Amino acid sequence: MSKDGYMYFTTKGGYLWCFKIESNGNLTHKWHEKLPAASTSTPVISDNDRLYVGYYSGFTEGGVQGFKLAENKDNAPTSLGTISVGPVQSSPVVYSENTTDYIYFTTNSS
């Protein structure tokens, strides 16, 4: 996911990464955050500058981790904790209405 000159992605090792896209196309590492478990989810950023990413630990545990992006995107975000519980291997979709974010995702767990 990219927005405003920054690229965000996760790794199966359980990290959220942020890189700045330089004018020459090169990427510069800005920060990374440890997630509670593995992630195969593409991060999504809401209109409220909140970043959401899914994570999972097996077929029964996981959730959506939320972050409030810093005003200066070079700085690490503030964790909002786990927003929703359940294993998430998809990329969430977010809809913002005023200051409220609605997060939708699929899971492969009952």
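Two strands count as paired here if DSSP finds at least two bridges between them. In this predicted model, strands β5 and β6 qualify with two bridges, and they run antiparallel. Within that pairing, I45 has L51 of β6 as its bridge partner.

The β5-β6 pair belongs to an open sheet of four strands, ordered β5-β6-β7-β8, with antiparallel pairing. The edges are taken by β5 and β8, each of which has a single partner strand, so one side of each is left without a neighbour in the sheet. As background, strands of a sheet pair through backbone hydrogen bonds, and the pairing can be parallel or antiparallel.

Moving inward, strand β6 covers residues 50-57 and is joined to β7 by eight bridges, again running antiparallel. One spot to look at on screen is Y55, which stands opposite G63 in β7. The hairpin made by β6 and β7 has three residues between the strands, and in it G58 takes a positive phi near 80 degrees. On the other flank of β7 comes strand β8 (residues 78-85), joined to β7 by six bridges in an antiparallel arrangement. Here G66 stands opposite G81 in β8. Strand β7 itself, spanning residues 61-68, is mostly covered, with six of its eight residues buried.

Positive phi values also turn up at residues that are not glycine. D4 is one of them, with phi at about 55 degrees. It sits in the loop between β1 (2-3) and β2, and its relative accessible area of 61% makes D4 exposed. D49 has a positive phi as well, near 60 degrees, and is likewise a residue other than glycine. Its place is the loop between β5 (44-45) and β6, where D49 is partly exposed at 23% relative accessible area.

Next, the aromatic side chains. Five aromatic pairs are found in the structure. In one of them, F9 and F19 have ring centres 5.7 Å apart and planes at 15 degrees, so this pair is stacked. F9 comes from strand β2 (residues 6-11) and F19 from strand β3 (residues 15-21), so the pair ties together parts that are 10 residues apart in sequence. The two rings can be told apart by their exposure: F9 is partly exposed, at 31% relative accessibility, whereas F19 is buried, with a relative accessible area of 16%. F9 and F19 also belong to one aromatic cluster together with Y15 and W17. Y15 has a charged companion too, as the charged end of K34 sits over the Y15 ring, 4.7 Å from its centre.

Finally, there is S96, a residue of strand β9 (residues 93-97). With a relative accessible area of 15%, S96 is buried. Leaving aside residues up to four places away in sequence, S96 touches S46, D47, N48 and D101. Two of these contacts can be followed atom by atom. The S96 side chain reaches the backbone nitrogen of D47 at 3.2 Å, and a polar contact of 2.7 Å links the side chains of S96 and D101. For a sense of scale across the fold, the C-alpha atoms of S96 and Y56 are separated by 24 Å, with the two residues 40 apart along the chain.

Definitions and conventions: Residues numbered from 1 in each chain as written. Predicted model: local features only at pLDDT ≥ 70, side-chain atom pairs only at ≥ 80, totals over all residues. Heavy atoms only, no water. Phe/Tyr/Trp six-rings, centres within 6.5 Å; stacked < 30°, edge-to-face > 60°. Buried < 20%, exposed > 50% of the residue type's maximum accessible area, 1.4 Å probe, protein only. Lys NZ or Arg CZ within 6 Å of the ring centre and 35° of its normal. Contact = heavy atoms within 4.5 Å. Polar contact = N/O pair within 3.5 Å; in protein donor to acceptor, adjacent residues only side chain to side chain.
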